[in-house]
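Biologist: Got a minute to go through this one with me? I'd like to start with a strand pairing.

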Amino acid sequence: MTFVVTGGAGSLGRHVVTALPGAKPVSRATGTDLLRGTGLGALRADVVVHCATSFRHEVTMARTVLAAKPAHLVYISIVGCDRVPLPYYKQKLAAERLIANSGTPYTILRATQFHSLLRKMFDNLSKLPLMLVPAFAFQPIDEAEVALELATLAQAAPSELAPEMGGPEIREATDLARIYLAATGKRRTLLPLKAPGATYRAYRAGGNLTPNHPVGKRTFEDYLTA
Ligand SMILES: NC(=O)c1ccc[n+]([C@@H]2O[C@H](COP(=O)([O-])OP(=O)(O)OC[C@H]3O[C@@H](n4cnc5c(N)ncnc54)[C@H](OP(=O)(O)O)[C@@H]3O)[C@@H](O)[C@H]2O)c1
């Protein structure tokens, strides 16, 4: 079987490339632009693991990948993209539906937020002495573990919607921020931030969590202190 990984140099994709024998990474850096439609010949493979992403054009990207007609398309999506009304999540859900209705054999894996995303978020929030942290919980997961699962799914028969993948712990963002501060030696005052609106309510209700699928092994603390 031949494998192509779109976004193969991204936070997730680079681990998928490592985990899949002979997989070829594809992105703008390698001459393929999924939005401009250039270098699409590089998508030719039995299995395409689609990890490239675009905040505004996720559906267009998925359409381009489908046009390459892989025998199996593996797509990474997000837990709660059908519950949290963020514009990006709406795009993920629309891309899922496009793939499911395309006739292309597919597997979709929904994962919770990656450890690297939370670390980036806290890096940014900790630029101020008063650290405003969302007043809801996360279930962060190690993207290397998600990549291993994607690699397993890519080597198996298409299974449509795979079981969700959540991190080992559900923790309030303020707890995770404390772990981040301890690991980085920073001293900040934490302030839980509540917000109006449907998106905040959906997060606050746990729309981004998958409590029945705490399958990841590595905690955020382990990740930061590794
Ligand atoms: N981050 C999270 O917490 C999380 C959680 C669950 C699911 N996911 C999903 O996991 C996937 C990967 O996320 P990530 O954090 O690894 O993203 P990332 O690090 O931002 O990587 C995205 C990749 O997409 C490529 N790309 C962007 N625009 C492109 C274009 N026009 N044509 C071709 N390639 C393009 C980029 O490479 P070039 O710049 O070289 O083109 C990059 O390698 C996304 O679908 C995301 O929704 C993420």
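Biologist: What stands opposite Met 131 in β10?
Modeller: Leu 190 does. This is a predicted model, where local features need pLDDT of at least 70, side-chain atom pairs count only at pLDDT 80 or more, and totals for chains, interfaces and linings use all residues. Numbering runs from 1 along each chain as its sequence is written.

Biologist: In which sense do β6 and β10 pair?
Modeller: Parallel, over five bridges, with β10 spanning residues 189-193. Strands are DSSP runs (E, at least two residues) and helices are H or I runs of at least four, numbered from the N terminus. Pairing takes at least two DSSP bridges.

Biologist: And which β6 side chains are buried?
Modeller: Met 131 and Val 133, on one face; Leu 130, Leu 132 and Pro 134 point to the other and are not buried. Buried means 20 or more other C-beta atoms within 10 Å of the residue's own, with C-beta atoms placed from the backbone.

Biologist: Why the alternation?
Modeller: Because in a regular strand side chains alternate between the two faces of the sheet.

Biologist: Switching topic: what's the strand order in the six-stranded open sheet?
Modeller: β2-β1-β3-β4-β5-β8, with parallel pairing. β2 (24-26) and β8 (160-161) are the edge strands, each pairing on one side only.

Biologist: How many bridges join β3 to β4?
Modeller: Four, between residues 47-50 and residues 72-78. Val 47 in that pairing stands opposite His 72.

Conventions. A residue is buried if 20 or more other C-beta atoms lie within 10 Å of its own, exposed if 12 or fewer, and partly exposed in between; C-beta atoms are placed from the backbone.
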